[in-house]
Amino acid sequence: MPSSVSLPPPPGAPDAGPRPRLTFAAPRRGKPPAHLADLPHAERVAAVTARDVPGFRADQLSRHYFAHLTRDADAMSDLPATGRAELVDALLPELLRPVRTLEADRGATLKALWQLHDGAKVESVLMRYSERATLCVSSQAGCGMACPFCATGQQGLTRNLSTAEIVEQVRLAALACRDGALAGGPTRLTNVVFMGMGEPLANYRAVIGAVRRMVDPAPEGFGMSARNITVSTVGLVPAIDKLAAEGIPVTLAVSLHAPDDELRDELIPINSRWKVGELLDAARRFFDATGRRVSIEYALIRDINDHAWRAQLLADELLARGKGWIHVNPIPLNPTPGSRWTASDPAVEDEFVATLRRAGIPTTVRDTRGSDIDGACGQLAAEMIVGTN
């Protein structure tokens with residue numbers, strides 16, 4: 001893909017190598033096992049009755065999975081013993097197998113690497129804060145958006161996740177919270193952010209299905225607040241408008257990372273299709289449709305996008321579309337091993353933030369977690385890929 005600006009690496013930095021290509025179409029692979037979480041209520045009943053089981057068993061299975069957070073047939077004593085294990089295996093099959101779990105922040109952060117049925121690997125990160133517990137979920141194995149500073153983007157796209165594969169990440173995190181796996185003892189999973197591996201809006205059907213499972217009340221779902229769910233995107237404008245029309249008040253997070261098309265064409269290849277102005281217009285439409293303030297994510301990269309004049313340009317672009325509709329989250333870049341990209345100098349970061357605040361833009365520097373456990377999403381999976389070659 002042609003780029004309009006060339007970004008030289010810092011002195012002594014390794015060669016970035018060839019860049020992956022922007023990809024929308026997921027490679028064809030075997031479908032994940034059918035799972036109850038893939039289905040709305042009526043289809044769950046149909047799946048149960050197709051096995052010559054009374055339809056009300058669908059609600060019982062759903063309650064065990066979404067409310068009791070279990071797929072253990074032995075724990076489902078309200079189901080007949082005869083045929084119980086077979087029914088659970090058919091409708092609640094194992095979707096994720098743990099490969100590796102790393103702990104950081106004195107046990108307040110857990111990063112898990114999971115293996116899917118076909119050997120593909122994805123990551124999720126569970127983080128405890130003073131007033132909430134947040135799960136960062138993956139929506140794809142790998143990513144096709146090809147952003148050069150992103151560990152996942154450098155892997156390319158392996159495949160889309162199913163709704164149930166996304167939902168299972170949530171169930172396992174909720175179970176870990178309930179059982180006290182995080183430092184501080186048992187707690188409740190309150191927030192989910194689609195900021196793990198993949199571009200969520202490139203896997204729209206599965207992601208919106210997973211969102212519905214999260215917000216639907218038990219036994220149909222987890223009964224979470226839609227306001228505590230964040231869906232991120234690098235800028236798929238038509239899908240942003242589609243999400244706005246769903247009537248689900250999730251938070252939209254736009255991974256902007258540059259306020260000018262010249263630089264963003266280089267950093268975010270999808271900008272070749274939908275420019276900064278088009279993306280911010282869509283974000284404003286989302287706010288108008290939902291009333292939900294949009295988060296603007298901005299990874300600060302040393303000597304690349306962290307200039308004070310770019311902060312002012314960002315403020316100008318946002319204010320041109322009104323006040324009160326956005327919140328900016330500058331993010332200190334979590335560099336990946338061997339990358340030419342690194343975090344901004346703290347003084348430069350401070351000036352970037354101060355410039356936004358002087359312009360009246362609500363700005364909060366993102367609290368980075370797990371920097372000592374390959375915190376950037378995709379690093380654990382990349383390690384496993386390298387280790388098997």
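Ala, Val, Leu, Ile, Met, Phe, Trp, Tyr, Cys and Pro count as nonpolar, Asp, Glu, Lys and Arg as charged, and the others, Gly among them, as polar. The model is predicted, so local features need pLDDT of at least 70 and side-chain atom pairs pLDDT 80 or more, while totals for chains, interfaces and linings use all residues. Residues are numbered from 1 along each chain as its sequence is written, and side-chain values use heavy atoms, without hydrogens and water.

**Exercise 1. A pocket**

Describe the lining of the second largest pocket by position, element and class.

Step 1. The lining of this pocket (an open set of 1 Å grid points where a 1.4 Å probe fits, with protein on both sides within 12 Å along at least five of seven lines; lining residues have an atom within 4 Å of a point) consists of 24 residues. Nearest the centre are Pro32, Leu161, Ser162, Thr163 and Ala206.

Step 2. Two elements (DSSP runs numbered from the N terminus, helices being H or I of at least four residues and strands E of at least two) give two or more residues each: β6 (157–160) and α5 (204–215). Helix α5 supplies the largest share, 5 residues.

Step 3. Sorted by class, the lining has 10 nonpolar, 6 polar and 8 charged residues.

**Exercise 2. Helix α5 and its partner α4**

How do α4 and α5 pack, and which residues of each make the contact?

Step 1. Helix α4 covers residues 163–178. Its axis and that of α5 (lines fitted to C-alpha atoms over the stretch in contact, with angles from 0 to 180 degrees between N-to-C directions) are 8 Å apart, at an angle of about 40°.

Step 2. This angle makes α4 oblique to α5 (under 35 degrees is roughly parallel, over 145 roughly antiparallel, 65 to 115 roughly perpendicular, the rest oblique).

Step 3. In the contact (heavy atoms within 4.5 Å), α4 provides Thr163, Ile166, Val167 and Val170. Helix α5 provides Arg205, Ala206, Val207, Gly209, Ala210, Arg213 and Met214.

Step 4. The classes in this contact are 7 nonpolar, 2 polar and 2 charged.

**Exercise 3. Two further helix pairs**

Give the packing and the contact residues of α9 with α10, then of α1 with α2.

Step 1. Helix α9 (residues 308–319) packs on α10 (residues 346–358) at about 30°, the axes being 8 Å apart. The two are therefore roughly parallel.

Step 2. Ala308, Arg310, Ala311, Gln312, Leu314 and Ala315 of α9 contact Glu351, Phe352, Thr355 and Leu356 of α10. These residues are 6 nonpolar, 2 polar and 2 charged.

Step 3. Helices α1 (residues 41–49) and α2 (residues 57–67) pack at about 115°, with axes 8 Å apart.

Step 4. Here α1 brings His41, Arg44, Val45 and Val48, and α2 brings Arg57, Ala58, Asp59, Leu61, Ser62 and Phe66. The count is 5 nonpolar, 2 polar and 3 charged.

**Exercise 4. Backbone exceptions**

Locate Pro219 and His257, and state what is unusual in the backbone at each.

Step 1. Recall that most residues other than glycine have a negative phi, and most peptide bonds are trans.

Step 2. Pro219 is in the loop between α5 and β8 (229–233). The bond joining Ala218 to Pro219 is cis, with omega about 5°.

Step 3. His257 sits in the loop between β9 (251–255) and α7 (261–267). Its phi is positive, near 70°.
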